[in-house]
Amino acid sequence: VAEEQDIQANKKAIFEQELFPHADALYNFAFHLTYDEENANDLVQETFLKAYRFINLYEQGTNAKAWLFKILKNAFINQYRKNSKAPTKVNYEDFVTYHDSEEEVYGGTFDLREDIFHGMLGDEVTKALNGLPVDFKTVILLCDIEGFTYEEIAKIIDIPIGTVRSRLHRARNMLKEKLVEYAKKMGYN
Amino acid sequence: MTPESNQIPHSACAESCKKEILRLIELCIDGEINPNEEKVLMEKIENCPECRAMLGTHQTYKKFMQMNVERKCCCKEIKAKILQQIEAE
């Protein structure tokens, strides 16, 4: 009994010291993926509960944040699978596969003018980001917002590093188009 | 001859060269560039004003995204609920 108590206490200590401090970053990721507070809360709770139940799979002192983001991403895809049963919903995996070709990777020049950023507010960019298809939004969130490396992103979303690079490039070009569109509307150009 | 006239205009770069520079710029802003690639990029940046401007735009984009995209925080109630759930496990 004492040994079992020690194991439980150790699990809780790892949870509180290494996993729980990432709650805000996880929520931010969940919110931008779903663009809905309630769904984001559900995803974060599900992620932490799963992480705790499978904490024996977590190697103490390794990248807890990346491990949690992977769990959340999987929970999000499962949510999508459930939703895709409804006829009007998009099937996440089909969509991702369609866009994952690595051909013509470096087309486009990302020819934004620097001064566009000066007149733009964060929530305008947030809106543009949320308007991207989910797989493109995901790589931008992981790389540009959370600062994960290509290798970490590859592990989190289960794709090769080359695909991370090409998807990130495409995602930035798509975001650029939205920002230019927005800047034109606001008379920045 | 002025120093400016030594610089290669970006329009003179071949399409394949532009693509390669763009690839290197993205690696650079993401902190994924290796020393050899960095050397190639820096040489190009020194000689091509448009490549330099393109690097500047990408660096601004990266900083802007990190600093200005709205960050949401997990509310206290949800954090407390999670800790309760863990306690009950």
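## Exercises on a two-chain model

A:Asp36, A:Glu37, A:Glu38 and A:Asp42 together form a negative surface patch. Patch members have over 30% relative accessible area and no salt bridge, with like charges joined within 9 Å. Asp and Glu count as negative, and the place of a charge is CG of Asp or CD of Glu. Keep in mind that this is a predicted model, where local features need pLDDT of at least 70, side-chain atom pairs count only at pLDDT 80 or more, and totals for chains use all residues. Residues are numbered from 1 along each chain, chains are lettered from A, and side-chain values use heavy atoms, leaving out hydrogens and water.

**Exercise 1. Take one residue of the patch, A:Glu38: where does it lie, and is it buried or exposed?**

Step 1: Find the element. A:Glu38 sits in helix 3 of chain A, residues 37-53. Helices here are DSSP runs (H or I, at least four residues), numbered from the N terminus; strands are runs of E, at least two.

Step 2: Check the cover. Buried means under 20% relative accessible area, exposed over 50%, and partly exposed in between, with a 1.4 Å probe and protein chains only. A:Glu38 has 61% relative accessibility, so it counts as exposed.

**Exercise 2. How many helices and strands does chain A have, and what share of its residues is buried?**

Step 1: Count the elements. Chain A has 10 helices and zero strands.

Step 2: Look at the total. Of the 189 residues in chain A, 49% are buried.

**Exercise 3. Which residues of helix 9 of chain A are buried, and what comes after this helix?**

Step 1: List them. In helix 9 (residues 150-157), the buried ones are A:Tyr150, A:Ile153, A:Ala154, A:Ile156 and A:Ile157.

Step 2: Look down the axis. These residues cover an arc of only 165°, so they sit on the same side of helix 9 of chain A. The arc is taken from the directions that run from the helix axis to the C-beta atoms. An α-helix has 3.6 residues a turn, so residues three or four places apart point the same way.

Step 3: Step off the end. A:Asp158 follows helix 9 of chain A, and its phi is positive, near 55°. Most residues other than glycine have a negative phi. A:Asp158 belongs to the loop between helix 9 and helix 10 (161-185), and its relative accessible area of 53% makes it exposed.

Step 4: Find another case. A:Tyr35 also has a positive phi near 55°. Its place is the loop between helix 2 (23-34) and helix 3 of chain A, where it is partly exposed at 46%.

**Exercise 4. Which partner does A:Asp144 have in a salt bridge, and where do the two residues lie?**

Step 1: Name the pair. A:Asp144 forms a salt bridge with B:Lys62, with 2.9 Å between the closest N and O atoms. The rule asks for a side-chain nitrogen of Lys or Arg within 4 Å of a carboxyl oxygen of Asp or Glu.

Step 2: Place both ends. A:Asp144 is in helix 8 (residues 134-145) of chain A and B:Lys62 in helix 3 (residues 49-68) of chain B, so this pair joins two chains. Both A:Asp144 and B:Lys62 are buried.

Step 3: Try another pair. B:Arg71 and A:Glu146 meet in a salt bridge at 2.8 Å, N to O. B:Arg71 is partly exposed at 40%, while A:Glu146 is buried at 11%.

Conventions. Patch = residues over 30% accessible without salt bridge, like charges linked within 9 Å, V, L, I, M, F, W, Y side chains within 5 Å. Areas by Shrake-Rupley, 256 points an atom, 1.4 Å probe, with all protein chains shown as cover.
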